[in-house]
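Here is a short tour of one protein for someone meeting it here. Take a moment to turn the structure around before reading on.

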Amino acid sequence: MNTLIYWFRHDLRLADNPALTLACLQAAQLGLRLLPVLCHAPQTTTRWGFVRVGPHRQRYQRATLDDLADALQARGSRLLELFGAPATTLPALCHALGASHIVCEDIAAPEELAEVAALQTAGLTVDTVWQSTLLDPAQLPFAPRDLPDVFSSFRQRVEKALMAPPKPLPAPTTLPALPELN
């Protein structure tokens, strides 16, 4: 393995992206190349017959991805956009590159958890990093089952435990080198 895959999922930014920071650190420590990837899953409809991503959201996503691609290019990297379900496209990419390790953000939703499980079932190592809330749920001063029903109670318990959100992470100024893509 000479390549580490960073899988962009919902968090399409370089700054304040703990999963990307981890991927850059791991790649640097292990002397690996880093390939930023995004998977465009096939368009699906809800059980009510509505498309999941309408034209306005598609335009917004395209503009966001263009900005992300420009930011990566400015740091000597690029965004590889794959078309298809992550459970099939990412294992195929890893096989082609001889990679077996993916880093991505952790998303606590059934479909997103199933994607990670499918990659692990395919024999890939997937490191996920929680970054969807200001406070890491694992560090809260109470168990999830004891989550207060009212925000004021939540805030008071967090403040009493002297918890504060971490400072935002800067965007990396450079990224590890890209693998050779044919």
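Let us begin at one residue: Ala 143 is partly exposed, because its relative accessible area is 22% (buried means under 20% relative accessible area, exposed over 50%, and partly exposed in between, with a 1.4 Å probe and protein chains only). Ala 143 sits in the loop between β5 and α5 (151-160). From Ala 143 to Ile 107 the C-alpha to C-alpha distance is 19 Å, with their positions 36 residues apart in sequence.

Please keep in mind that this is a predicted model, in which local features need pLDDT of at least 70 and side-chain atom pairs count only at pLDDT 80 or more, while totals for chains, interfaces and linings use all residues. Residues are numbered from 1 along each chain as its sequence is written, and side-chain values use heavy atoms, leaving out hydrogens and water.

## The overall plan

The protein has 5 helices and 5 strands (helices are DSSP runs of H or I with at least four residues, strands are runs of E with at least two, and both are numbered from the N terminus). Along the sequence they follow the pattern β-α-β-α-β-α-β-α-β-α. The C-alpha trace spans about 55 × 45 × 35 Å along its principal axes. Of the 182 residues, 36% are buried.

## The sheet

In what order do the 5 strands of the open sheet lie? The order is β3-β2-β1-β4-β5, and the pairing is parallel (two strands pair if DSSP finds at least two bridges between them). β3 (80-83) and β5 (125-130) stand at the edges with a single partner strand each, so one side of each has no neighbour in the sheet. On average, neighbouring strands are turned by 30° against each other, direction ignored (axes are lines fitted to C-alpha atoms, for helices over the stretch in contact, and angles run from 0 to 180 degrees between N-to-C directions).

Three of the parallel pairings can be set side by side:

| Strand pair | Bridges | Residues facing each other |
|---|---|---|
| β1 and β4 | 3 bridges | Ile 5 and Ile 102 |
| β4 and β5 | 6 bridges | His 101 and Thr 125 |
| β2 and β3 | 4 bridges | His 40 and Phe 83 |

The edge strand β3 shows an alternation of side chains: Leu 80 and Leu 82 point to one face and are buried, whereas Glu 81 and Phe 83 point to the other and are not. The chain reaches β3 from β2 by way of α2, in a right-handed β-α-β crossover (right-handed means that, with the strands pointing away from the viewer, the path from the first strand over the helix to the second runs clockwise).

## Helices on the sheet

Helix α4 (residues 110-121) lies across β1, β4 and β5, and runs at about 155° to β5. Strand β1 covers residues 3-8 and β4 covers residues 101-106.

## The nonpolar cores

In soluble globular proteins, nonpolar side chains tend to be buried together. Which residues have the most contacts inside the largest nonpolar core? They are Leu 4, Tyr 6, Phe 8, Leu 34, Leu 68, Leu 72 and Leu 79, in a core of 19 residues (a nonpolar core is a set of buried Ala, Val, Leu, Ile, Met, Phe, Trp, Tyr and Cys residues joined through side-chain atoms within 4.5 Å). β1, α1 (18-30), β2 and α2 are the elements that give two or more residues to this core, and α1 gives the most, with 5 residues. Apart from this core lies another, of 18 residues, among them Cys 39, Leu 82, Cys 94 and Ile 102.

Leaving aside neighbours within four places in sequence, Tyr 6 is in contact with residues including Ala 19, Leu 34 and Val 103 (contact means heavy atoms within 4.5 Å). Across the protein, 72% of the contacts with a separation of 6 or more are between residues 24 or more positions apart.

## Two residues with positive phi

Asp 16, in the loop between β1 and α1, has a phi near 50°, a positive value in a residue other than glycine. Asp 16 counts as partly exposed, at 26% relative accessibility. Leu 162 lies in the segment after α5 and has a positive phi of about 60°, although Leu 162 is not a glycine. At 77% relative accessibility, Leu 162 counts as exposed.
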